[in-house]
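Student: Could we work through this structure together, taking the interior, the charged pairs, the sheet and the cross-links in turn?

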Amino acid sequence: MASTLRQSTGALRLSLAAVLAALLVADQLLPPPLPGRSAARAQVVLARDGTPLRAFPDHAHVWRHPVTIEEVSPRYIEALVAYEDRSFWWHPGVNPWALLRAGGQWLRHGQIVSGGSTLTMQVARLLEPTPHTLAGKLRQVARAVQLELRLSKREILELYLGYAPMGGVLEGVEAASRAYLGKPAQRLSESEAALLAVLPQAPSRLRPDRYPERARQARDKVLDRLQSRWSAAAIADARQEPVIAQAIREPLLAPLLAERLRRLQPHAALVHSTLDAGMQQTVEQLLSGRLAVLPPRVSMAALVVDNATLEVRAYAGSADFSDDERFAHVDMVQAARSPGSTLKPFLYGLALDEGLTHSESLLADVPQSFSGYQPGNFQANFSGPVSASEALRKSLNVPAVEVLERLGPARFVSLLRRGGLKLELPRGATPNLSVILGGTAVTLEGLVGAYTALARAGVSGQPRYFTDAPREEARMMSAGAAFIIRDVLEAGGPLARLVDEGVGERRGIAWKTGTSFGFRDAWAVGVSDQFTVGVWIGRPDGTPNPGFFGANIAAPLLVDIFSVIDEAPPRPRTPPASVSAASICWPLGARSDSTPPELCHQQRTAWILNGTTPPTFPDRLRGGGSRYTDYRDAASGLRVRAACASGEMLAVSMARWPAALEPWLDAATRQRALPPAWTPACSSASGPDGGLRIVGVSDGETIRRAGNGPAPELRLEARGGQQELIWLLNGRQIGRVPAGHALQQRFRDAGRYQITVMDDAGRYDRVEISVR
């Protein structure tokens, strides 16, 4: 008998082992359908505080916001476990007593009274839907055991938190909390926790946005279950709280950036960005508020970057994501467009670093030609002698081209690229002087990143969209140059005028505007202590918008953005050790203390870099040095030559202004800068303010081509000049002839022409004609 018992026990063990082996094989062959990395899934792009910016549904158009246990209110976890599965933390996936109780109730009443399903079984059904049959229930039981073998209780609970049906296209507690209550699940009250805990029981019937009374009654059932866990006062307060839910709306903040970021992290269920949700909403509202005054098809873009971290705080790629007529889906933050004059601060900063200028270097804002390139100013007028700082603040074109000619276009583009700003030139083109006036293309993202250098001691940076993204930084200019350029752009620039006109109230912002050729792009970029902000306005298809330029359309928006995002007063700044102030003299550009008083026609206080005061650029129109010696009659003080002097001659040191600027000098400066009249014995010419006149053509005259005949030709001639005459056409030198000789000039193109003649004594005359 003992032998028979041993044989029976051995057979039982073999049978159990065989069953166990079969179960293990079945478990490996038929694993539970856990969400995989490559499986289609919903994605949510979040702001830095966890606020959803945009939800991208999965293939079933479900919105799901996966969360961890720590990201959900403990009240919700307590309510969920108490109501759904009190034994969740210790059972092996199945609660046999609950199943027996549910089965007995079903047999007794002929219908389901209580479910008997554990949270693990519910997760199994969420991952693999099964029919409400005995076979389906057994499959749930098997899958639940498999889940318990593979996952921790925490992991199982987090699957439920992410996949529980919440009504409509919502799944998971976080999606429901955001959609119905407008808050993260971490901040749920007792009433809200109980409401969302019961919602998966019948998500269609209990939706709080559609059936608030049903939802309230179901919530109260949960509260009844929690009387042993929560205080009576907390439950009483929760019962008094009404069920109020907002209609389900897709989160839609920074939609174009969200699309961009989710493509960068295609496998992440949650994409965490650096955006500030409140700031993003404010910026979008400011853009939306301007739509009424913009023509159709005009879009806008804005970018806000934190200077300290280079993290992007606000990103608006288009004016209105719902307006397809405004090219809503075209991201103009990334679009390459002509920058207009927005590169000028970098030009003047690099000129400081190269030792070409100081802040008050003398430049000529007059009609000039640079190897055939003839830039004009946006306002179609000229200022004459200007300093580098004035030229930058007023965004004058001719002085900028003059500085770029000295620096070199190729070197300028190379230095910008080295500093982190990517420029796009036309295919096959090489850098030329038009680069500084918009003859290239940049993105708003790149431009804002470059401008951060003005607040970061000359170091620019690539805007960052993820907190863990590496920093990409480059030296754009020295710390001293960045300080000077920022100071120039802050002091008396366009912002001051806008403040005076009541457009804004913020100071302490260094900024620059730009307008591309044909009014296609209007720009404004500004820098404060905390933020760098860029604004672009135009048509994405490149169609011109006459009358739209940076100062009148983009700058006011920039001021409004700064006014609401950066209320901190500007901090006082101390110049770096490389920067100092010095008194300098025009026209030579040298320090006042090293310039003889008679050669210092105008005195200015300049920022200088590394203790150097570069001299004024060499004269482009005439040779010779900036200093020369003139001779005067000792008795009369008039100008003489050795050959015609009758008495004692005195040598007088003179400082020469650039020839192109002499006609623009005021009377007092001309008296100091130009020599006096010749003595009667040396010349019969009158003083430098008169005597030189253009003859043969009069001011305002119109010249016409005769039918299909040749282009009209003029004989340019002047009377009263001395020695050599210099002829200019629209600022471009067209010839030098001895005094008394004429110059032939053909006018091949119709238009307005300014003809100027100058002589060595500083006399000049100018006429303007029209050719038709």
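The exchange below goes through a predicted model by question and answer.

Student: Which residues touch the most other members of the largest nonpolar core?

Tutor: Since the model is predicted, side-chain atom pairs count only at pLDDT 80 or more. The largest nonpolar core has 79 residues, and helix H18 (residues 479-490) gives the most to this core, with seven residues. Ranked by how many other members they touch, the leading residues are Leu343, Phe346 and Phe412.

Student: With which residues is Leu343 in contact, leaving aside its neighbours within four places in sequence?

Tutor: With those neighbours set aside, the contacts of Leu343 include Phe412, which is itself named beside Leu343 among the residues touching the most other members of the core. The full list for Leu343 is Phe412, Leu416, Leu421, Leu423, Val435, Ile436, Thr440 and Leu447.

Student: How many of the residues of helix H17 are buried?

Tutor: Helix H17 spans residues 444-451 and is mostly covered. Its buried residues are Leu444, Glu445, Gly446, Leu447, Val448, Gly449, Ala450 and Tyr451, and Leu447 is also one of the contacts of Leu343. The count for H17 is therefore, with buried meaning under 20% relative accessible area, eight of its eight residues.

Student: Is Leu489 buried or exposed?

Tutor: Leu489 lies in helix H18, and, not counting residues up to four places away in sequence, this leucine touches Pro345, Leu392, Leu454, Ile509, Ala510, Trp511 and Lys512. From Leu489 to Gly508 the separation is 19 residues in sequence and 9.6 Å in space, C-alpha to C-alpha. Because the relative accessibility of Leu489 is 3% and the cut-off is under 20%, Leu489 counts as buried.

Student: How far apart are the closest N and O atoms in the salt bridge of Glu311 with Arg313?

Tutor: The structure holds 42 salt bridges, and the one formed by Glu311 with Arg313 has both of its residues buried. For this pair, the closest N and O atoms are separated by 2.8 Å.

Student: Which strands hold Glu713 and Arg746?

Tutor: Glu713 forms a salt bridge with Arg746, with 3.2 Å between the closest N and O atoms. The two residues are 33 residues apart, so that the pair links distant parts of the chain. Glu713 counts as partly exposed at 40% relative accessibility, and Arg746 is likewise partly exposed, at 32%. The strands are E21 (residues 713-719) for Glu713 and E24 (residues 743-746) for Arg746.

Student: What is the order of strands in the open sheet of three strands?

Tutor: Strand E19 (693-695) and E24 each have a single partner strand, so they stand at the edges, and one side of each is left without a neighbour in the sheet. E19 pairs with E21 in the antiparallel sense over three bridges, and the bridge partner of Ile694 is Ala718 in E21. The twist averages 35° from one strand to the next. Read across the sheet, the order is E19-E21-E24.

Student: What handedness does the disulfide link of Cys585 and Cys600 have?

Tutor: A search of the whole structure finds two disulfides, and one of them joins Cys585 to Cys600 with an S to S distance of 1.9 Å. Cys585 lies in strand E15 (residues 579-586) and Cys600 in the loop between E15 and strand E16 (602-609), so the pair ties together parts that are 15 residues apart in sequence. Both Cys585 and Cys600 are buried. With -85° about the S-S bond, the link is left-handed.

Student: What is the angle about the S-S bond in the link of Cys644 and Cys682?

Tutor: The sulfur atoms of Cys644 and Cys682 are 1.7 Å apart, and the disulfide links distant parts of the chain, 38 residues apart. Cys644 counts as buried at 17% relative accessibility, and Cys682 is buried with a relative accessible area of 13%. The link of Cys644 and Cys682 is right-handed, and the angle about the S-S bond is 100°.

Notes
Residues are numbered from 1 along each chain as its sequence is written. This is a predicted model: local features need pLDDT of at least 70, side-chain atom pairs count only at pLDDT 80 or more; totals for chains, interfaces and linings use all residues. Side-chain values use heavy atoms; hydrogens and water are left out. A nonpolar core is a set of buried Ala, Val, Leu, Ile, Met, Phe, Trp, Tyr and Cys residues joined through side-chain atoms within 4.5 Å. Buried means under 20% relative accessible area, exposed over 50%, partly exposed in between (1.4 Å probe, protein chains only). Helices (H or I, at least four residues) and strands (E, at least two) are DSSP runs, numbered from the N terminus. Contact means heavy atoms within 4.5 Å. A salt bridge is a side-chain nitrogen of Lys or Arg within 4 Å of a carboxyl oxygen of Asp or Glu. Two strands pair if DSSP finds at least two bridges between them. Axes are lines fitted to C-alpha atoms, for helices over the stretch in contact, and angles run from 0 to 180 degrees between N-to-C directions. A disulfide is a pair of cysteine sulfur atoms within 2.5 Å.
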